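Me: I am new to this structure and would like to learn how to read its features one at a time. Could you take me through them slowly?

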Amino acid sequence: MPIDLRRARPARPVLVPALVGLLVAVFVGLTAAVWWEWAPLLDLDQAVADAAHDAVAGREMLIDTLLWVADGLGPWTLRIVMGLTVLVAVWRRAYRLAVWIALTIAVQFTAVYVIKRTVDRSRPAFDDPFQTLTSYSFPSGHATAGATFSTVMVIVTLLLMRRGLLRKAVITIWILLGLAAGLDRIFLGVHYLSDVVAGFALGTAIPLALWWLLMRPVFAVEEPSHPGVSGTGRRQVGVVLNPVKVGDVAAFRERVAEAAARHGWAEPVFFETTVDDPGAAQAVEALEGEADLVIVAGGDGTVREACGELARSGIGVGIVPLGTGNLLARNLSLPLHLVDAIDNAFTGQDRAVDVVRLQIDGSEDSTTFLVMAGVGFDAAVMTGTNEQLKKKVGWLAYVVSGATQVLRFPTTRVQIAVDGGAFVRRRALTVIVGNVGFLQGGLPLLPDAQIDDGVLDVVAISPPHKFAFLSVGLRLFARGKRTDERLDRMTGRTVTIRTDRPAAMQLDGDPIGEHTELCATVEPGVLLVRVPR
């Protein structure tokens, strides 16, 4: 799935060029001071170098640690990691992002090589050096590479991770690694303070400047102000919101109202979900209010409940993804950034997508889902996920739950029938019926699934033993077409799954208890979802 580059758009357009200008000024000033041997700077450099050397001298374990950091966070190590990030960007079809990272690596390497030889500064000298190097000192290559690495990885993290404690922790780690790569050189006595500071300034300025130059066309594109109204044409908007997921409800209402006014819509009408009414009743209220557009703000569960009522209405649905997984938004390449998602709801174009009607245990009553229904292990993972942990670390809470479930969860005897055909028997760890194909991180669970192809995709995962689960997982990542009893794929308009005993089941990430049968039927193109133009 493509990466939405707008998630790293600065709040103020002038912020990045202003920061680049400041960093360049710092670097130029230090370069000039070193070139003309400005005495106050040279005295400060020597004083810091002597103090750092005295602090480390005689502490062999500390010296070994500093040498290990120098090797582990060396320029080429950091460039290789960034190079791997380029490959990930290409795999995710974020070609502009890949070009930016690759160009950043090349420019940073060239700049350090040329400047070192131009300034021709000698390294600090001590009677008992911890490390002896004969290359030039200004600027520090480690500090420059560390700053470049931190800047690149912070921006990539902003693009790939939602706001929250986990994202803050990951960003902090990237910054600390970059700082460690540079400051380590002072304590090893191979660089002066000005070498490292100049490296930090240069290493940060290069990726930011290239980001600004390469991404300006993306950020400068203004979304069209026309609403693309379907329905009565009176431009009324109803907003179904889950207050638990929204957080600051007042601020969210203000953002939506501002966007509505900016795009020529009437004052929004808001409908908050409750524990007893998680979205369906609110969607009905919005329709009864003759809304021309309904915005649904919440997780996949809220979206599922609301869209079950909005299907076949002919009303466009804007989705503001605020959950942990947000699989529907990810598979439709919808913006994950709050402000961009709200704008897309008003300015996007309607795409007709499929909805899946589901009957459980032979009941005449039915419900719907948009993403995936699961039987067995995956449903147990959803059931066992700690809600407090999910709030703190996001989708990684599912990984924790999965790790605790995989070795103890039993396989289940299942029967699967497609389009009324004969039942296929499997002893499966899990069976997934999907309307879309990708999980978090772009994992292609059902690589051929399309949300508007009018068919359902099924995968039955049946490793012969628990440790074979890894090999099955590798096959999923490889998007192999081969099917067998370990990884069986099927497609059809109707899918029936039966189990020999009650098994855990889930719909779009929400556990629905234990059952023995589900029957899923695709309803092609009955829901209009606003997607980017």
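Reply: Let us begin with a single ring: Phe 109 counts as partly exposed, because its relative accessibility is 36%, and that places Phe 109 between the limits of 20% for buried and 50% for exposed. Please keep in mind throughout that this is a predicted model.

Me: Which aromatic cluster does Phe 109 belong to?

Reply: Phe 109 forms one aromatic cluster together with Trp 76 and Tyr 113. Beside one of these rings there is also a charged side chain, since Arg 117 lies over the face of Tyr 113, at 3.9 Å from the ring centre. A second arrangement of this kind involves Arg 235, which lies over the face of Trp 265 at 6.0 Å from the ring centre.

Me: How should I read a pair of rings, and how many aromatic pairs are found in the whole structure?

Reply: In general, a pair of aromatic rings is described by the distance of the centres and the angle of the planes. A search of the whole structure finds 6 aromatic pairs. One of them is the stacked pair of Phe 27 and Phe 138, with 6.0 Å from centre to centre and 20° between the planes. Phe 27 lies in helix α1 (residues 15-35), while Phe 138 lies in the loop between α5 (95-119) and α6 (141-160), so this pair ties together parts that are 111 residues apart in sequence. Both Phe 27 and Phe 138 are buried. In another pair, the ring centres of Trp 76 and Phe 109 are 5.5 Å apart and their planes stand at 50°, so that pair is tilted. This tilted pair links distant parts of the chain, with Trp 76 in helix α4 (residues 75-91) and Phe 109 in helix α5, 33 residues apart.

Me: Is Trp 76 buried or exposed?

Reply: Trp 76 counts as exposed, because its relative accessibility is 56% and the limit for that word is over 50%.

Me: Now to charges: what is the idea of a salt bridge, and how many salt bridges are found here?

Reply: Side chains of opposite charge can pair when their charged atoms come close. A search of the whole structure finds 14 salt bridges. In one of them the side chains of Glu 272 and Arg 253 meet, at 3.1 Å from N to O. The pair links distant parts of the chain, for Glu 272 is in strand β2 (residues 269-272) and Arg 253 in helix α10 (residues 249-262), 19 residues apart. Glu 272 is partly exposed at 33% relative accessibility, and Arg 253 is partly exposed at 30%.

Me: How far apart are Arg 262 and Glu 258 in helix α10?

Reply: Arg 262 and Glu 258 are 4 residues apart in helix α10, so they are separated by about one helical turn. The two form a salt bridge in which the closest N and O atoms are 2.9 Å apart. Arg 262 counts as partly exposed at 42% relative accessibility, and Glu 258 is partly exposed with a relative accessible area of 42%.

Me: Which residues are linked in a network of salt bridges?

Reply: Asp 45, Arg 121 and Asp 195 are linked in such a network. A further salt bridge is the one where the side chains of Arg 498 and Glu 517 meet, at 3.0 Å from N to O. That pair also links distant parts of the chain, with Arg 498 in strand β13 and Glu 517 in strand β14 (residues 510-531), 19 residues apart.

Me: What does a buried residue look like, taking Met 505 as the case?

Reply: Met 505, which is placed in strand β13 (residues 494-507), is buried because its relative accessible area is 1%. Beyond its neighbours within four places in sequence, Met 505 is in contact with residues including Gly 374, Ala 379, Pro 511 and Glu 517. Met 505 and Ala 379 are 126 residues apart in sequence, and yet 4.9 Å apart in space from C-alpha to C-alpha.

Me: And which residues form a nonpolar patch on the surface?

Reply: Ile 175, Leu 176, Leu 179, Leu 183 and Phe 187 form this patch, with about 420 Å² of accessible area together. Ile 175 has its place in helix α7 (residues 165-187) and is partly exposed, with a relative accessible area of 40%.

Terms used: Residues numbered from 1 in each chain as written. Predicted model: local features only at pLDDT ≥ 70, side-chain atom pairs only at ≥ 80, totals over all residues. Heavy atoms only, no water. Helix = DSSP H or I, 4+ residues; strand = E, 2+ residues; numbered from the N terminus. Buried < 20%, exposed > 50% of the residue type's maximum accessible area, 1.4 Å probe, protein only. Contact = heavy atoms within 4.5 Å. Salt bridge = Lys/Arg side-chain N within 4 Å of Asp/Glu carboxyl O. Phe/Tyr/Trp six-rings, centres within 6.5 Å; stacked < 30°, edge-to-face > 60°. Lys NZ or Arg CZ within 6 Å of the ring centre and 35° of its normal. Patch = residues over 30% accessible without salt bridge, like charges linked within 9 Å, V, L, I, M, F, W, Y side chains within 5 Å. Areas by Shrake-Rupley, 256 points an atom, 1.4 Å probe, with all protein chains shown as cover.
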